[in-house]
Amino acid sequence: MSQRVFLVTGVTSGIGKAIAFGLAKTGEIVLLVVRDHERGTAVYEEIMAEIQNPNVNLLTCDLSSIGSINSFVTSIKSKYPKIDVLINDAAVVKRERNTNVDGYELMFATNHLGPFLLTNLLLDSLKAGGSARILNITAPSNVKPNFEDLQSREDFNYLKIFGATKMMNLLFTFELARRLEGTGVTVNAVHPGLARSNL
């Protein structure tokens, strides 16, 4: 049997780090995706010291950057023809309005656009194995996104913006699950409950 390939974002702390440790124990191929290479290296070394799974690999991608995601996916596809499980966990909370290199508001870019683009670019790799899983780590939210001001230029309330990105995660999950019916790829939103994390 060939080894399964797990790709996990947001592994430098909190829930993502816990997921990374759990998956590393399986002995499967685990791709740890981080924005900050230094922090990622610290987590990678911690995992290797405890678990010593030679199939754990550290990869760098800035999920707030369209260019970074495109380059990352091109590299991944050249090395791994199939992905069995994609876990979108990376997220940020910013009290002040910031923009990414593409000019998008940073929470919107990182929490929604990043996983949206990464997932869509990896769909053929997820379908390649005949059976795959996409897990979007999110939270329950009733914050309606302001489609007239997705960049929060007129009104920036960081809690509302964060809540809106979580609602976007849910809407994306539900619609993608509908579109992928019958393909062998399932999509679920996962709320892990309250957790102590940097967020």
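**A tour of the cores and a surface patch**

Begin by selecting L126: beyond the residues up to four places away in sequence, L126 touches I83, L86, T119, A132, R133, I134 and V185. The model on display is predicted.

Next, widen the selection to the largest nonpolar core, which has 27 residues. L126 is among the residues with the most contacts inside this core, together with L7, L31, F72, I76, L118 and I134. Colouring by secondary structure shows where the core comes from: β1, β2, α3 (66–79), α5 (123–127), β5, α6 (158–179) and β6 (185–190) each give two or more residues to it. Helix α3 supplies the largest share, four residues.

Now move to F6, F21, L32 and V34. These residues are included in a second, separate core of 18 residues.

F21 leads to the following stop, helix α1, which spans residues 14–24. Select G16, I19, A20, F21, L23 and A24, the buried residues of this helix. Which elements do the buried residues of α1 pack against? Their partners are the strands β1 (5–9), β2 (29–34), β3 (56–60), β4 (85–88) and β5 (132–137), along with α2 (37–50). In general, residues three or four places apart in an α-helix point the same way, because the helix has 3.6 residues a turn.

Finally, turn to the surface and select F147, L171 and F174, which make a nonpolar patch of about 350 Å². F174 is found in helix α6. Is F174 buried or exposed? With a relative accessible area of 54%, F174 is exposed, because the cut-off for that class is over 50%.

Technical notes. Residues numbered from 1 in each chain as written. Predicted model: local features only at pLDDT ≥ 70, side-chain atom pairs only at ≥ 80, totals over all residues. Heavy atoms only, no water. Buried < 20%, exposed > 50% of the residue type's maximum accessible area, 1.4 Å probe, protein only. Contact = heavy atoms within 4.5 Å. Core = buried A, V, L, I, M, F, W, Y, C linked by side-chain atoms within 4.5 Å. Patch = residues over 30% accessible without salt bridge, like charges linked within 9 Å, V, L, I, M, F, W, Y side chains within 5 Å. Areas by Shrake-Rupley, 256 points an atom, 1.4 Å probe, with all protein chains shown as cover. Salt bridge = Lys/Arg side-chain N within 4 Å of Asp/Glu carboxyl O.
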